[in-house]
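Trainee: I would like to learn how to read cysteines and strands in a model. Can we work through one together?

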Amino acid sequence: MADRHKDKEKDDFALFRQEMRDATPIRHNSQLIDRPKPEVKTRRKRSIEHEVTGQAFSDMFAPDTVGNEEYLEYRGPGIQHKLFSKLRNGKVHLEAELDLHGMTLIKAEPALGQFLELCQQQQLRCVRIIHGKGWGSRDNKPILKSKINYWLRQSPSVLAFCSATVEDGGTGALYVLLKRQHQEQPQTL
């Protein structure tokens, strides 16, 4: 009986190869990046290295989980009340948008880092990040929303953020105010 099972597997494999003889392989345009495991470092060294190399955000401790409908806001030092009020009311012109809704943490973290870096390079001031409310996640907990709240607070390029107005996604999206990157003026001799 075991021989009959092996013969069936061989026949199935031969049939598969025969059917696929004219198929052409699909070319992949993406590469798998094998990241080395991070070294254990003190928090101070990690934050300095993050600013210099632009690596992923720190996960030294798990952030508190926020509620699905919870309003998020962060106001860094030196942000004028009037500017922050305009941001909260959706009165600041949005120059770019990143939709992370439905992404896993593994995909969302580098996407957020690259987006913030690109916005800095392009001198963008205000952007919207869509993270969703977490209703589709396990146990209906907003994991991505909680992480984004934590990651944005770590970013040296973020001045402030707050949940968007209902028209722009409500508590499933954020308005983010970014620092202006000062470009060095060429020196004349």
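Mentor: Start with Cys119. This is a predicted model, and in it Cys119 is buried, because its relative accessibility is 2% and the cut-off for buried is under 20%.

Trainee: Is Cys126 buried or exposed?

Mentor: Cys126 counts as buried, at 1% relative accessibility.

Trainee: Why does the sulfur of Cys126 not form a bond with the closest cysteine sulfur?

Mentor: Use distance. A disulfide needs two cysteine sulfur atoms within 2.5 Å. For Cys126, the closest cysteine sulfur belongs to Cys162 and lies 8.2 Å away, so it is too far for a bond. Searching the whole structure gives 0 disulfides.

Trainee: How many residues of strand 3 are buried?

Mentor: Strand 3 covers residues 126-130, and 5 of the 5 are buried, so the rest of the structure largely encloses this strand. Now read it face by face. One side carries Cys126, Arg128 and Ile130; the other carries Val127 and Ile129; all are buried, so both faces are covered, given the under 20% cut-off.

Trainee: Which strands pair with strand 3?

Mentor: Look at bridges and direction. Strand 2 (residues 96-99) runs parallel to strand 3, with 4 bridges joining them. Ala96 has Val127 as its bridge partner in strand 3. Strand 5 (residues 173-178) pairs with strand 3 in the antiparallel sense, over 5 bridges. There, Ala173 is the bridge partner of Ile130.

Trainee: Which helix makes a β-α-β unit with strand 2 and strand 3?

Mentor: Helix 4, residues 105-121. The β-α-β unit of strand 2, helix 4 and strand 3 is right-handed.

Definitions and conventions:
Residues numbered from 1 in each chain as written. Predicted model: local features only at pLDDT ≥ 70, side-chain atom pairs only at ≥ 80, totals over all residues. Heavy atoms only, no water. Buried < 20%, exposed > 50% of the residue type's maximum accessible area, 1.4 Å probe, protein only. Helix = DSSP H or I, 4+ residues; strand = E, 2+ residues; numbered from the N terminus. Pairing = 2+ DSSP bridges. Right-handed = clockwise from strand over helix to strand, strands pointing away.
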